[in-house]
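Trainee: Please take me through a close look at one part of this model, the open sheet, and then add whatever you can about single residues elsewhere in the chain.

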Amino acid sequence: QLDANLCTECGLVQLGEIVPSEELFAEDYAYLTPEAMRPNFAESAQETASIAGIKQGAKVLEIGSNIGICLDEYRKKGMKVLGVDPAKIYAKLANKRGVETIIKPFTSDLAEEIVNERGKMDVVTAANVLQHIPDLVGTIEGIRKVLAPKGVFSLEFPYLGDILSNTDFDTFYAEHYYYLSLAPLQKVFESMGMTMVHAKRLPLIHNGSMRIFVKHGRGSTNMSRDLWEMIKDEQDFGFLDKKKFSEFKIRVDNIVHQINVHLYVAKARGDRIVAHGSSAKFVTLTNYMHIGEDIISYVADSTQVKQGKVTPGMGIPVVSEEQLLKDAPDIIFCGIRNFYNYNKEKYDKIKKRNPKAKVLMPIPEVSYR
């Protein structure tokens, strides 16, 4: 059962029941970092390098490096890079691409091994990965060990504030053990002798993310004004207020009702409905709505290892993007709405072939593009 729980003392939101990470991130783990993320990683590398004050030859470690797209941006700056990722299928590909990657989960013990063999890292970075690791404290302890005394830890994550404001309930899924915000993270870092020094909102990444920068040492004197203001905004918004989460649940159910009405009316009208993007978000949506192959004929996805399979729970067939372009259906349910702009050219091609075609955006309310 997928249920989220709020700690009313610290504000951390986390799943009540978890699937062991070795089952979720096994050898056949299918998530491939999309090329659409490259500009964001380039910006992140530039900002992190600036805050850390590093130059060519500095050592950079990425946790959850996938095929190494983020580390590519550090390599372009002349940095020595190292990735860590337990998903063998893509870590092996990264090594073939020349991005050295340790094929193991990142742990405190592995951090010690890295320090003993390679020394400490000037930058440690992790994008959309910390919430995927059940041992939050142990992971941060490993980061503390491997980070050089004047080093910087750069972290990106889907931001709880945006999830609540945008009603992004499709962000809740088994791989996301935690739903992070600034105040709880600062408490964890402070307890381990580290502190956040700066934060930046990323409204266009995964429908609303946060990038934070962490250094060794305790104390709020090193916190930027922007970070102070964002933590205050969390207090004003009421991240510890259970009523906020009750209101969120009501909005979720209203959206689900809207989506179902639109889909069933379209089906009754004779429209052919398919989906684009067999993402975790899409799986959460279709399972919560109890929508299967009888309504959505298939979901097209560019990731080859997903093709020929079916989605968890509702069993919707996964096909190639070529099939989507060939069929030019009437309604395309957007399962990767966070990458709509990246895929707009594909949708425009479909609309030229089928003037009736339109893209259904499910959240924050049903709309068509």
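Mentor: What follows begins with the sheet and then turns to two buried residues. This is a predicted model, in which local features need pLDDT of at least 70 and side-chain atom pairs count only at pLDDT 80 or more, while totals for chains, interfaces and linings use all residues. Residues are numbered from 1 along each chain as its sequence is written, and side-chain values use heavy atoms, with hydrogens and water left out.

The open sheet is built from 6 strands, and reading across it gives the order E13-E12-E11-E14-E15-E16, with mixed pairing. Strands here are DSSP runs of at least two residues and helices (H or I) are runs of at least four, both numbered from the N terminus, and two strands pair if DSSP finds at least two bridges between them. The sheet ends at strand E13, residues 318–319, and at strand E16, residues 367–368, which are the edge strands, each pairing on one side only. Within the order given above, strand E14 (residues 331–334) and strand E15 (residues 358–361) are joined in the parallel sense over 3 bridges. If you look for Phe 333 in the picture, you will find that Leu 360 in E15 stands opposite this residue.

Next comes Ser 224, which sits in the loop that leads from strand E10 (209–216) to helix H9 (225–237). With a relative accessibility of 18%, Ser 224 counts as buried, because that word is used under 20% relative accessible area, with exposed meaning over 50% and partly exposed the range in between (1.4 Å probe, protein chains only). Setting aside neighbours within four places in sequence, Ser 224 is in contact (heavy atoms within 4.5 Å) with Val 197, His 198 and Ala 199. With one of these, His 198, the serine makes a polar contact from side chain to side chain at 2.8 Å; such a contact is a pair of N or O atoms within 3.5 Å, where, within protein, one must be able to donate a hydrogen and the other to accept it, and residues adjacent in sequence count only if both atoms are side-chain atoms.

Ala 127, by contrast with a loop residue, belongs to a strand, E6, which covers residues 121–127. A relative accessible area of 14% places Ala 127 among buried residues. Not counting residues up to four places away in sequence, Ala 127 touches Phe 41 and Glu 156. Leu 164 lies 37 residues away from Ala 127 along the chain, and the C-alpha atoms of these two residues are separated by 20 Å.
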